[in-house]
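Here are my notes on this model, set out as numbered points. Please read them with the structure open.

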Amino acid sequence: MKHGLLTFVLCLLCALPAQAVKFSHTEETYSLAKSRFLVPTLLYKNEITYCIATPAQTPTSPTADQLDILVQAALREWTHGIAVRIRAAGREEEMADILKILDKPLRLIRLSSCNLTSHPQFLAVHPSYNPAGLSSDLTVILSSDYCAKVLGSVNSFFAFEYKNAAPFMCLTQNYANPLRAPAPQDYFPAASDPQKRELLKQTDQIFAQAAAGTYDTDVQDQLWQINRMFAWDGPTYFSVLVHEMGHAFGLGDEYLKDRPQEYASPAPGQGIMLRLYNPISCDEIDGMITLLDRFSGVQRTFASFCSNKTVIQNGKALPVSETIQQQVKKQLLHPAAR
Ligand SMILES: [Zn+2]
């Protein structure tokens, strides 16, 4: 959606269309400088800097330190988490060059403050908040009032370009916080058996491990199981952070119609860019691979992670023919060197 100088992706949390649409690279990747997205940071740097502003803290909203853990876990889910999924699919050799990027020991550095001096209307909403701070690769603002002021409605969003402001995400304050230390009597309909109730007790530990520890399939599964248990009455802050971060890398919303047809998969993977209850899916894996290739100029033909009957060649889904199947077979045997 574009609105004058404001270019943003609105995160609609209301009813979604029954007919899912394919993933795509968001329109802004066609119109804005590559530096607006996190993919070049991932490709060419060894660190991602981020800052968290909580100018409207309430007793029920997450603290900046809790958001810090969720931001780190979300960033690692988009990097190490995708790598874990590629390995789980048995495609380590084929995607060796992609894994080299996703696996690198990326340092996630939280800056002590956000530079919000160029964010229009920020001071009008939060006049007592000091907007002076450092510029970072990713800015996270938690404030329902500010999101509403920018959009005219209360929704979370990611803004790629908003006048002179650096790309930022604005989160509203109406989600479930998985780090909120639930009381014993709290209601968790999805925690239906003793194993899940036991897993709930490990919430802080699992998120801490996802944020900074060993990342493997077990941690990933437990992370999303826990997240789903907290998401019984609406999305969690973790879900929304992961979704908005998908935009930060360059992916579009799957629930919108009329997406760009280039750089898109033909079959939706039912992932978090479609619905905030879902984990990252095969569709987001295809999306991240094609984003990395597109931003670095790599040509690649590969079978979609959603269906081996779909072939993606240089980001574009192709009708499956014998010729293309042979190309994929060749690619599998001789993966491109990056
Ligand atoms: Zn969105």
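1. A cut-off comes first: a residue is called buried when its relative accessible area is under 20%, and exposed when that area is over 50%. The model is predicted. T139 has 3% relative accessibility, so T139 counts as buried.

2. Where does T139 lie? Its place is in strand β5, which covers residues 138–142. The T139 side chain makes a polar contact with the side chain of S136, at 3.5 Å. Setting aside residues up to four places away in sequence, T139 touches C51, C114, L116, P167, F168 and M169.

3. Now the chain as a whole. It has 338 residues, and 55% of them count as buried. Its secondary structure comes to 13 helices and 10 strands. Among contacts with a separation of 6 or more, 71% are between residues 24 or more positions apart. The exposed area is about 14,700 Å², of which carbon and sulfur atoms supply 51%.

4. Next, the nonpolar cores. In soluble globular proteins, nonpolar side chains tend to be buried together. Here the largest nonpolar core has 73 residues. Which residues have the most contacts inside it? They are W78, I86 and F249. Apart from this core lies another, of 17 residues, with C51, A53, V150 and F168 among them. Two of the residues touched by T139 are C51 and F168.

5. W78 deserves its own entry. Neighbours within four places in sequence are left aside here. W78 is then in contact with L102, V242, M245, G246, F249 and L251. Its contacts also include I272, M273, I280, E284 and M288.

6. Helix α5 spans residues 96–103, and its buried residues are D97, I98, L99, I101 and L102. What covers them? The cover includes α2 (39–44), α3 (64–78), α4 (80–88) and α12 (282–296). L102 is also one of the contacts of W78.

7. Please look at the small strands too. An open sheet of 3 strands has the order β8-β9-β10, and the pairing is antiparallel. β8 (301–303) and β10 (316–318) stand at the edges; each has a single partner strand, so one side of each is left without a neighbour in the sheet. From one strand to the next, the twist averages 35 degrees.

8. How many bridges join β9 to β10? There are 3, and β9 takes in residues 311–313. I312 has A317 as its bridge partner in β10.

Conventions:
Residues numbered from 1 in each chain as written. Predicted model: local features only at pLDDT ≥ 70, side-chain atom pairs only at ≥ 80, totals over all residues. Heavy atoms only, no water. Pairing = 2+ DSSP bridges. Helix = DSSP H or I, 4+ residues; strand = E, 2+ residues; numbered from the N terminus. Axes fitted to C-alpha atoms, helices over the stretch in contact; angles between N-to-C directions. Buried < 20%, exposed > 50% of the residue type's maximum accessible area, 1.4 Å probe, protein only. Contact = heavy atoms within 4.5 Å. Areas by Shrake-Rupley, 256 points an atom, 1.4 Å probe, with all protein chains shown as cover. Polar contact = N/O pair within 3.5 Å; in protein donor to acceptor, adjacent residues only side chain to side chain. Core = buried A, V, L, I, M, F, W, Y, C linked by side-chain atoms within 4.5 Å.
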